[in-house]
Amino acid sequence: MSFGKPEGYDGDGRPRPLGRRGTSQAAAAAVCLVLGLGLMSGAVTGSWLVGGSGEQGSRSTFAAAGSLWHSVPVDQLFPPTVQGQGAGPGGADRTWTRIAVAPDSGCEDAFDPLLRQALAPVGCERLLRATYTDATESYVTTVGLLFTEADAPGMTSLANRFRKERLDRRSDLMPLPYAAKDTPAAHFGAKQRAAWTISVLTEAPVVVYAVSGWADGRTVDDPQPAGDALQSGATTAPAQAGLGNEAQGLADRVERGLRKNVRPATEQPS
């Protein structure tokens, strides 16, 4: 694409080419052009989901993400094996194996009362959950995808509330695990929760969460938010065991998978 030479105006109001301006003015214009293109490029490449541009594109990707619970196979949302390169304590690699998938359901009895109340403003379209164990079967982690009934402003409002009130750090708002018989998670109940993370997305009607614990069924008296357990110098049992890494690492990778899966639904045919 080419453009005609831009024009300015002299003191008598007659047009004159901008090329007559001084070298410094031309250089400044070039810098502004480069910065402008950089900002435009950053806005495009920084988009969370790939889809159309502008408001219409945002609406289409938001809607597409909300339909993934019934349009994408469970193995894509919760892969049988998840690789966590650098996700363990000290940057160690992790490999998680899926040991159970809960039947897709509503949210009745899926959360403790206070968390259910906190999430109520966005509603519950569908809840998907899976439980994983690490390579040594020492730890178990349930990761969940709550597909809500909310629109974009509703998700933004909830995300703001979680951030301002620090609801994701309250132990009385921990998600419940999904325990499955005859698996290492058979004894993974409410009292076994050790570390957790909750993320309210604003680009999709989805809440992503994960909660981890020991596979031997031991109870935990001092559960800790994953973010706190990951801090340098954290000395709680969940932090020392790396259970914050388990919860945060799995949640992050399931969220990334969600992003990838929404792309085919929003790509336009060439």
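Which backbone nitrogen lies 2.9 Å from a polar atom of the side chain of Gln-192? In the predicted model analysed here, that nitrogen belongs to Gly-189. Gln-192 itself is placed in the loop between α6 (152-165) and β7. With a relative accessible area of 10%, Gln-192 is buried. When residues up to four places away in sequence are left aside, Gln-192 touches His-187, Ser-212, Gly-213, Trp-214, Gly-217, Arg-218, Thr-219 and Val-220. Of these, Trp-214 belongs to strand β8, which spans residues 206-214.

The chain as a whole comprises nine helices and nine strands. Of its 270 residues, 41% count as buried. The accessible surface comes to about 14500 Å², and carbon and sulfur atoms account for 50% of that area. Among contacts between residues at least 6 apart in sequence, 65% join residues that are at least 24 apart.

Strand β7 (residues 195-200) follows the loop that holds Gln-192. This strand is mostly covered, with five of its six residues buried. Two strands pair with β7, in opposite senses: β8 runs antiparallel to β7, whereas β9 (residues 224-225) runs parallel to β7. The pairing of β7 with β8 rests on six bridges, and that of β7 with β9 on two. Individual partners can be named on either side of β7. Trp-196 has Val-211 of β8 as its bridge partner, and Ala-195 is bridged to Gln-224 of β9. The connection from β7 to β8 is a hairpin of five residues. In a regular strand, the side chains alternate between the two faces of the sheet.

Strand β8 also contributes to the one aromatic pair of the structure. In this pair, Phe-111 and Tyr-209 have their ring centres 5.7 Å apart and their planes at 70 degrees. Because an angle over 60 degrees counts as edge-to-face, the arrangement of Phe-111 and Tyr-209 is assigned to that class. Phe-111 is located in the loop between β4 (94-101) and α5 (113-119), and Tyr-209 in β8 (residues 206-214), so the pair ties together parts of the chain that are 98 residues apart in sequence. Both Phe-111 and Tyr-209 are buried.

Phe-111 is also among the residues touched by Leu-119, a residue of helix α5. Leu-119 counts as buried because its relative accessibility is 7%, which is under the 20% cut-off. Beyond the residues up to four places away in sequence, the contacts of Leu-119 comprise Phe-111, Leu-146, Leu-158, Phe-162 and Val-207. Several elements are represented among these partners: Leu-146 falls in β6 (139-147), Leu-158 and Phe-162 fall in α6 (152-165), and Val-207 falls in β8 (residues 206-214). Leu-119 and Val-207 are separated by 88 residues in sequence, and their C-alpha atoms lie 9.1 Å apart in space.

The structure holds one disulfide, formed by Cys-107 and Cys-124 with their sulfur atoms 2.0 Å apart. The link between Cys-107 and Cys-124 is right-handed, with 80 degrees about the S-S bond. Cys-107 is found in the loop between β4 and α5 and Cys-124 in the loop between α5 and β5, so the disulfide ties together parts that are 17 residues apart in sequence. The two cysteines fall into separate classes of accessibility. Cys-107 is buried, at a relative accessible area of 12%, whereas Cys-124 is partly exposed, at 23%. The loop between β4 and α5 thus holds Cys-107 of the disulfide as well as Phe-111 of the aromatic pair.

Backbone geometry was examined next. Most residues other than glycine have a negative phi. Glu-137, which is not a glycine, has a positive phi of about 60 degrees. Glu-137 is situated in the loop between β5 (126-134) and β6 (139-147). A positive phi, near 55 degrees, also occurs at Arg-166, likewise a residue other than glycine. Arg-166 lies in the loop between α6 and β7, and its relative accessibility of 46% makes it partly exposed. The loop between α6 and β7 therefore contains both the partly exposed Arg-166 and the buried Gln-192.

Definitions and conventions
Residues numbered from 1 in each chain as written. Heavy atoms only, no water. Phe/Tyr/Trp six-rings, centres within 6.5 Å; stacked < 30°, edge-to-face > 60°. Helix = DSSP H or I, 4+ residues; strand = E, 2+ residues; numbered from the N terminus. Buried < 20%, exposed > 50% of the residue type's maximum accessible area, 1.4 Å probe, protein only. Contact = heavy atoms within 4.5 Å. Pairing = 2+ DSSP bridges. Polar contact = N/O pair within 3.5 Å; in protein donor to acceptor, adjacent residues only side chain to side chain. Areas by Shrake-Rupley, 256 points an atom, 1.4 Å probe, with all protein chains shown as cover. Disulfide = S-S within 2.5 Å.
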